[in-house]
Amino acid sequence: MSEKELIKGNYAVVEAAIDAGCRFYAGYPITPQNEIPEYMSHMMPEAGGTFIQAESELISINLVFGAAAAGARAMTTSSSPGISLMQEGLSYMAGCELPAVIVNVMRGGPGLGNIQPSQADYFQAVKPGHGDYHMITLAPHNLNEMYDYTFGAFDLADRYRNPVIILADGLLGQLMENIELDRTKKPELLNAPKPWALTGARGRHGQRILSLLMQPGVLEKHNFKLKEKWDLITKNEQKFELTNMDSNPDYLIVAFGTVARVAKGTIQKASADGIKVGLFRPITLWPYPSEALKEAAKNVKKVFVFEMSLGQMVEDVKLALGDASKIEFYGRPGGGVPAAGELYEFIKKRVK
Amino acid sequence: MAKERVIYKKPESLTDVPFTYCWGCGHSMAHKLIAEIIDELDMREKVIAVAPVGCAVFAYDFWDFDVTEAAHGRAPVVATAIKRVHPDKFVFCYQGDGDLASIGMAETIHTANRGENISVIFINNTNYGMTGGQMAPTSLISQVTTTSPYGRDVKNAGYPIKMLELLSPLQGVKYLERVKLTDVPSIVKAKKAIKKAFVNQLTNVGFSMVEVLSACPANWKKDPVKANKWIDEEVSEYFPVGKIKDIT
Ligand SMILES: Cc1ncc(C[n+]2csc(CCOP(=O)(O)OP(=O)(O)O)c2C)c(N)n1
């Protein structure tokens with residue numbers, strides 16, 4: 001049974017987290033994600049969970065670390081500068097193999113930047129902090145997906161014992177849309193045992209959660225063990241969406257999140273002029289769906305990469321294709337949001 | 001056959017791993033007191049501890065109850081979340097002065113101010129032990145460290161921070177006591193204070209912290225006897241031992 005609801009993107013995140021059994025939330029105010037801690041402060045106590053307004057994003061992420069270590073489904077949310085402050089904690093969580101969901105409603109940077117939508121934290125999400133680690137990174141492009149991906153992120157985090165990032169932006173956070181909620185869906189792993197969690201050493205010796213492995217070779221072994229996990233995730237979890245590929249397009253757009261949404265309008269404008277353009281939208285930014293992209297780009301003349309940044313994902317597109325000669329990049333940094341016509345103009349000038 | 005009588009045995013809350021701390025270091029004694037108290041309160045199976053970044057990061061090698069690490073300075077935050085998730089468990093964090101009073105200052109103050117029902121054991125050895133004896137916010141005026149080779153200069157580094165006196169006015173804070181480990185009577189007092197802090201949590205009194213003036217002979221370049229003498233004569237002169245606050 002599904003119900004329709006007119007809802008703001010940031011609220012959809014809260015609904016999804018509560019429905020997924022998240023019972024611990026910590027967050028610090030920062031625009032454009034303030035509706036999340038605000039709505040959470042109502043919803044979480046109602047659901048019988050813990051809401052803490054952290055006094056900094058350092059405190060947010062370390063509260064989430066503690067809650068995860070104790071076995072709870074935990075989440076924090078922020079926007080770009082706040083996510084920067086969380087990098088140390090995220091590295092610890094990956095090293096300690098702790099599950100959690102982190103939502104980044106990206107805004108313009110660098111520095112304090114502005115509060116317009118941006119995608120310039122792509123690197124920070126998919127090529128994160130110190131040490132060898134990865135975080136599954138999901139990029140919604142509408143509000144239904146803000147709900148669905150957040151909901152699903154908790155199972156992913158638990159399955160792989162790893163932080164999962166929802167990489168949204170200020171537009172998706174602030175937008176209102178009718179979304180269809182399937183409230184009958186149950187999280188798969190909500191009640192799965194977590195024998196590694198710290199719950200008191202009842203009838204057993206004490207157990208540890210740690211990333212410090214000082215003996216020579218032990219940390220190297222731990223890293224190789226983690227690599228097996230990254231490989232498994234890379235094999236199992238790549239997701240993407242294809243649009244207008246049945247038309248055998250001559251050109252391909254690669255875009256994620258808000259830009260992918262805009263690009264769907266671009267495709268329509270192009271097709272009205274008889275130019276066939278397809279869209280490859282990576283849903284998982286890590287693991288990046290490289291093989292699928294290679295396949296989608298096989299027969300096109302050009303690959304247009306559009307981002308709300310100076311070009312970050314485009315590096316992964318180049319890696320996937322192994323040949324940059326077909327790639328044309330257009331980006332709007334610092335809070336600029338491209339319009340469908342603007343992207344079409346860029347394409348038109350490069351199409352014979 | 002003479003009947004054997006057990007006079008003393010290793011606490012159950014300690015593993016069989018021998019302490020690896022330096023000769024005369026206060027961490028070993030503090031670890032042991034905590035283990036003894038946990039045994040006495042019969043709560044080994046409900047303890048979840050948070051180890052700091054510092055020499056005592058290895059606490060989990062020696063304690064046989066659940067322990068997690070925390071990033072440098074964030075131990076009270078991690079402890080807060082564990083206690084909120086498991087209010088029926090006993091949660092404490094154990095931190096050095098670099099961890100608690102420097103990089104973790106904001107975490108310490110906000111945890112205390114929220115009145116979290118956790119216990120904090122604060123090991124003040126007036127320097128950064130693990131990284132080789134650098135100046136800490138708690139280093140004494142004129143104390144020579146590897147980063148204050150001419151002695152701590154208050155014009156450059158300010159005055160040593162008295163954490164308990166700083167936290168004392170916060171309404172969420174219920175119990176603060178400073179102790180030392182320099183002789184048997186002070187060790188007995190230290191144990192009493194830590195036990196009180198732990199019982200406070202068990203009876204839902206709220207935030208308690210015990211500061212332990214602790215010797216660091218290796219970095220102080222003093223033998224253990226002289227290190228203890230220095231605590232008695234100089235360190236406890238600036239950081240007076242005794243109850244700083246008790247509204248339990
Ligand atoms: C973010 C970060 N900065 C610095 C360090 C390096 N570091 C490790 S232990 C330590 C000092 C610990 O001193 P203290 O808390 O006084 O404990 P002690 O070792 O004296 O017991 C520092 C600075 C670190 N691990 N992480």
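Here is a walk through this structure, from a sheet to a ligand to a pocket. Keep in mind as you look that the model is predicted.

Let's start with the sheet. Eight strands make up an open sheet, and their pairing is mixed. If you want to trace the sheet across the structure, follow this order: β9(A)-β2(B)-β1(B)-β3(B)-β4(B)-β8(B)-β7(B)-β9(B). Notice that the list begins with a strand from chain A and then carries on through strands of chain B. Which strands sit at the edges? They are β9 (208-209) of chain A and β9 (242-246) of chain B, and each of these pairs on one side only.

Now zoom in on one pair inside that sheet. Strand β7 (residues 173-180) of chain B runs parallel to strand β8 (residues 207-213) of chain B, and the two are linked over 7 bridges. To see one spot in this pairing, find Val179(B): its bridge partner in β8(B) is Val212(B).

Next comes the ligand. Where does the ligand lie? You'll find the ligand between chains A and B. There are 17 residues around the ligand, and those that come nearest are Cys55(B), Asp97(B), Gly98(B), Asp99(B) and Gly129(B). Sorted by class, this shell has 9 polar, 5 nonpolar and 3 charged residues. Two elements of chain B, α4 (97-103) and β5 (127-128), each give at least two residues to the shell. The largest share comes from α4(B), with 4 residues.

Some backbone atoms are worth picking out here. An oxygen atom of the ligand lies 2.7 Å from a polar backbone atom of Gly129(B). For Cys55(B), a backbone N or O atom is 2.8 Å from an oxygen atom of the ligand. Met130(B) also has a backbone N or O atom by a ligand oxygen, with 2.9 Å between them. How much of the ligand does the protein bury? Taken alone, the ligand exposes 590 Å², and the protein buries 76% of that.

Let's finish with some empty space. Rolling a probe the size of a water molecule over the atoms reveals where such space is left. The largest pocket holds about 340 Å³ of space. Its lining has 18 residues, and Ser91(A), Gly95(A), His130(A), Ser211(A) and Leu219(A) lie nearest the centre of the pocket. Which helices should you look for around this pocket? Both α5 (87-96) and α9 (218-236) of chain A supply at least two residues each to the lining. By class, the lining of the largest pocket divides into 9 nonpolar, 7 polar and 2 charged residues.

Notes
Residues numbered from 1 in each chain as written. Chains lettered and ligands numbered in written order. Predicted model: local features only at pLDDT ≥ 70, side-chain atom pairs only at ≥ 80, totals over all residues. Heavy atoms only, no water. 1 Å grid on protein atoms, 1.4 Å probe; cavity = no way out; pocket = protein on both sides within 12 Å on 5 of 7 lines; lining within 4 Å. Points joined across faces, edges and corners; volume = space filled by probe spheres on them. Nonpolar A, V, L, I, M, F, W, Y, C, P; charged D, E, K, R; others polar. Near = heavy atom within 4 Å. Polar contact = N/O pair within 3.5 Å; in protein donor to acceptor, adjacent residues only side chain to side chain. Areas by Shrake-Rupley, 256 points an atom, 1.4 Å probe, with all protein chains shown as cover. Pairing = 2+ DSSP bridges.
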